[in-house]
Amino acid sequence: EGGGNEMNRLTIIGNLTREPETRTTQSGKNVCTFIVAVNRRNDGADYFRVSAWGQLGEICQKYLGKGRKVAVVGSVSVNSYTTQAGEARASLEVMAQDVEFLTPKGGAAEHDRSAADKPQAAGPMEDYTEVVDEDLPF
């Protein structure tokens with residue numbers, strides 16, 4: 001980590017739209033991916049695909065679940081794609097450098113009681129937007 005990409009760093013706070021998924025790359029590295037819905041001030045939400053690698057990804061897989069609230073810090077990239085209906089769209093992908101779990105103890109989708117040992121913050125999941133999977137590009 002020799003710096004270099006300090007300008008491309010953002011923080012998002014939102015809720016997981018589904019359970020996280022972990023896979024192993026051909027080079028043997030583990031990566032955990034999950035979708036975070038970030039509510040807009042006016043209406044609707046933006047969806048970010050988050051990738052957490054190595055030990056951070058293992059922690060995310062163990063403690064996160066659908067509906068849980070997280071803060072993610074990382075670098076963002078934009079991928080363009082075309083829907084089956086021929087519409088041009090873009091997806092936002094974040095490579096996580098840090099993930100903070102914000103759902104309080106006893107909150108939604110608590111998988112493991114040892115999650116109570118993790119640092120907790122913030123309040124309940126206000127204004128959570130339910131997501132239909134068909135609306136997402138990934």
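**Salt bridges, an aromatic pair and strand pairing**

In this predicted model, R89 has a relative accessibility of 39% and counts as partly exposed. The class follows from the cut-offs: buried means under 20% and exposed means over 50%, with partly exposed in between. R89 takes part in a salt bridge with E87, and the closest N and O atoms of this pair are 2.9 Å apart. The partner, E87, has a relative accessibility of 40% and is also classed as partly exposed.

The structure holds two salt bridges. Besides the contact between E87 and R89, a salt bridge joins D46 to R40, with 2.7 Å between the closest N and O atoms. Here R40 has a relative accessibility of 46%, so R40 counts as partly exposed. For D46 the relative accessible area is 29%, so D46 is partly exposed as well.

Aromatic rings come next. A search of the whole structure finds one aromatic pair. The pair is formed by Y63 and F101, whose ring centres are 6.1 Å apart. The angle between the ring planes is 45°, and the pair is called tilted because that label covers angles that are neither under 30 degrees nor over 60. Y63 belongs to helix α1 (residues 54-63), whereas F101 belongs to strand β6 (residues 88-101). With their positions 38 residues apart in the numbering, the two rings link distant parts of the chain.

How do the two rings compare with the cut-off for burial, which is under 20% relative accessible area? Y63 has a relative accessibility of 11%, so Y63 counts as buried. F101 has a relative accessible area of 6% and is therefore buried too.

The strands offer another way to follow the fold, and β1 is a handy place to begin. Strand β1 covers residues 10-16 and pairs with strand β5, which covers residues 69-82. The two strands run in the antiparallel sense, and six bridges connect them. Within this pairing, I12 has V72 in β5 as its bridge partner.

Strand β1 is also joined to strand β3 (residues 30-39), in this case by two bridges. This arrangement is antiparallel. One example of a contact to β3 is given by L16, whose bridge partner there is V36. Strand β1 thus has bridges to β5 and to β3.

Conventions. Residues are numbered from 1 along each chain as its sequence is written. This is a predicted model: local features need pLDDT of at least 70, side-chain atom pairs count only at pLDDT 80 or more; totals for chains, interfaces and linings use all residues. Side-chain values use heavy atoms; hydrogens and water are left out. Two strands pair if DSSP finds at least two bridges between them. Helices (H or I, at least four residues) and strands (E, at least two) are DSSP runs, numbered from the N terminus. A salt bridge is a side-chain nitrogen of Lys or Arg within 4 Å of a carboxyl oxygen of Asp or Glu. Buried means under 20% relative accessible area, exposed over 50%, partly exposed in between (1.4 Å probe, protein chains only). Rings of Phe, Tyr and Trp (its six-membered ring) pair if their centres lie within 6.5 Å; planes under 30 degrees apart count as stacked, over 60 as edge-to-face and the rest as tilted.
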